[in-house]
Protein chains: 2
Amino acid sequence: MARYNPAMTAPAPETVPTPPPGRRERKKQATREALLDAAFRLFGEKGYEATTVEEIADAVDVSARTFFRYFASKEDVALTTQEEQFYAVLDAFARRPPEESVLTAIRTAGTLLVEALEADGRDGRPMSRFDCLMRLTEESPALRAGSMERTRRKNDEMTRVIAVRMGADPETDLRPRMFAAMASTAFMVAAEAHRTGLGGFDSFADALDAAFEVLETGFRDY
Amino acid sequence: MARYNPAMTAPAPETVPTPPPGRRERKKQATREALLDAAFRLFGEKGYEATTVEEIADAVDVSARTFFRYFASKEDVALTTQEEQFYAVLDAFARRPPEESVLTAIRTAGTLLVEALEADGRDGRPMSRFDCLMRLTEESPALRAGSMERTRRKNDEMTRVIAVRMGADPETDLRPRMFAAMASTAFMVAAEAHRTGLGGFDSFADALDAAFEVLETGFRDY
DNA sequence: GCTCAAAGTGTCATGACGTGACACATGTCG
DNA sequence: CGACATGTGTCACGTCATGACACTTTGAGC
């Protein structure tokens, strides 16, 4: 497993679809970011359940109603980050060299990304959203539930990409879907192991690697 | 689980822990059952989200406050059934002959139970809670989320039982936990396939068998 | 049978999440 | 500037969930 991170994504050179964002759009983005920041700061200080939407909105000096125009729910503001991370993994997976097996490609893509995220949180930074979310997910069953449901929905997309690599039809062949779900399972078990200290892994990346190793070895011979 | 079908489990001959349930206890059980019945009837008629706790309580002629003394939440009343089914599988798994592999034992236990549940729903019965719950879970993301989170929590118990069969230490060895999670995954993917018609399985049991077959075959060679 | 304590229930109040309606203000563009 | 679109605040409402307290039923002991 590669241990460091070779320049991951060369963002596809898009055909300048950037109509210079006007003041309105900029303000919107600023508000959104401010809400995210306030939310994670408060979540970190008081916990997820104990933080109310009103507090988040107040911290940014907008009405609670406005909060809900940016995020569908309190859960949403917490899990948006995770959603982005999922797409990062999906993207990295799709870019792995085609000669890699499905499992190897997912494993590599996932591990590299997690390592990058973890490195990001070090060097005295207050606490990355990644780490914060990890703690929140440990603390709140409701959030965990939401997180899993989102993962499940995203698995449709993962399934399609896997099916392409396998040359299988995801509508009739259960394997792509099962593989996607099994990979998600590896992530979730690794997260749980890391959060709760189970297995004594030093990092999420280590736990994830161990989880994938189990997938690699298989289930049959026990 | 069957609405009737008295004592499918030969209850371990316990040392007469049955202090003849008095009128109080009987009334409580009756209320609980009535709430469950009303809930599933309304859920079936109007859907999960559209049914309010007040309606359920009214249907049984108790206050909404009382409802919450029987069930922690609306979700709870819907998923209690599933919880029982989980324990049925866990129990059946634990009773499989010790020479069976972990995977075979889970697969057999799960498939047998699902077949029994499905058979239960046939022959003109209105609609078993099993089927109803399947539909609800399809319809409501919130319920699905809750269902998965509960499954995840239950996996701790499954992990322990698997660890025993493997002779492994669940605190340091990730495998039992991963196997438990993978088995749950098989159930969830099968349920999804069955609900959405994906793969064209005639029954949940068929879908489940196919999902387990993927686990059996493994992930490595694709 | 009577009394008393425990357990179950109803009522009221409260708080948080989430949404619809409508008016206001702030930007965007001709 | 003026017209229009878009974002925001305010108000009202419905639902879930919980705490507090009082009232009733039930079970147990005498």
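Which residues are closest to DNA strand D? They are A:Arg65, A:Thr66, B:Gly22, B:Thr52 and B:Ser73, among 20 residues that surround the strand; a residue is near a strand if its C-beta atom, placed from the backbone, lies within 6 Å of it. This is a predicted model, in which local features need pLDDT of at least 70, side-chain atom pairs count only at pLDDT 80 or more, and totals for chains, interfaces and linings use all residues. Residues are numbered from 1 along each chain as its sequence is written, and chains are lettered from A and ligands numbered from 1 in the order in which they are written.

Chain A gives two or more residues to the surface near DNA strand D from each of H1 (23-46) and H3 (64-70), and chain B does so from H1 (23-46), H2 (53-60), H3 (64-70) and H4 (74-95). Helices are DSSP runs (H or I, at least four residues), numbered from the N terminus. By class, this surface has 4 nonpolar, 6 polar and 10 charged residues. Here Asp, Glu, Lys and Arg count as charged, Ala, Val, Leu, Ile, Met, Phe, Trp, Tyr, Cys and Pro as nonpolar, and the others, Gly among them, as polar.

The two protein chains also touch each other. The contact takes 36 residues from chain B and 36 residues from chain A, two residues being in contact if their C-beta atoms, placed from the backbone, lie within 7 Å. On the side of chain B, the elements that give two or more residues are H5 (102-121), H7 (141-166), H8 (174-196) and H9 (204-217). The largest share, 11 residues, comes from H8(B). By class, this side has 21 nonpolar, 7 polar and 8 charged residues.

H8(B) is mostly covered, with 21 of its 23 residues buried, that is, with 20 or more other C-beta atoms, placed from the backbone, within 10 Å of their own. B:Gly197 follows H8(B) and has a positive phi, near 80 degrees.

The largest nonpolar core has 96 residues, and A:Ala211 and B:Ala211 have the most contacts inside it. Such a core is a set of buried Ala, Val, Leu, Ile, Met, Phe, Trp, Tyr and Cys residues joined through C-beta atoms within 7 Å. Leaving aside neighbours within four places in sequence, A:Ala211 is in contact with A:Ala186, A:Val189, A:Ala190, B:Leu174 and B:Met178.

A rotation of 180 degrees with 0.0 Å of shift along its axis superposes chain B on chain A (RMSD 0.1 Å), by least squares on the C-alpha atoms of residues with pLDDT of at least 70 in both. The two copies are therefore related as by a two-fold rotation axis.

Key. Buried ≥ 20, exposed ≤ 12 C-beta atoms within 10 Å, placed from the backbone.
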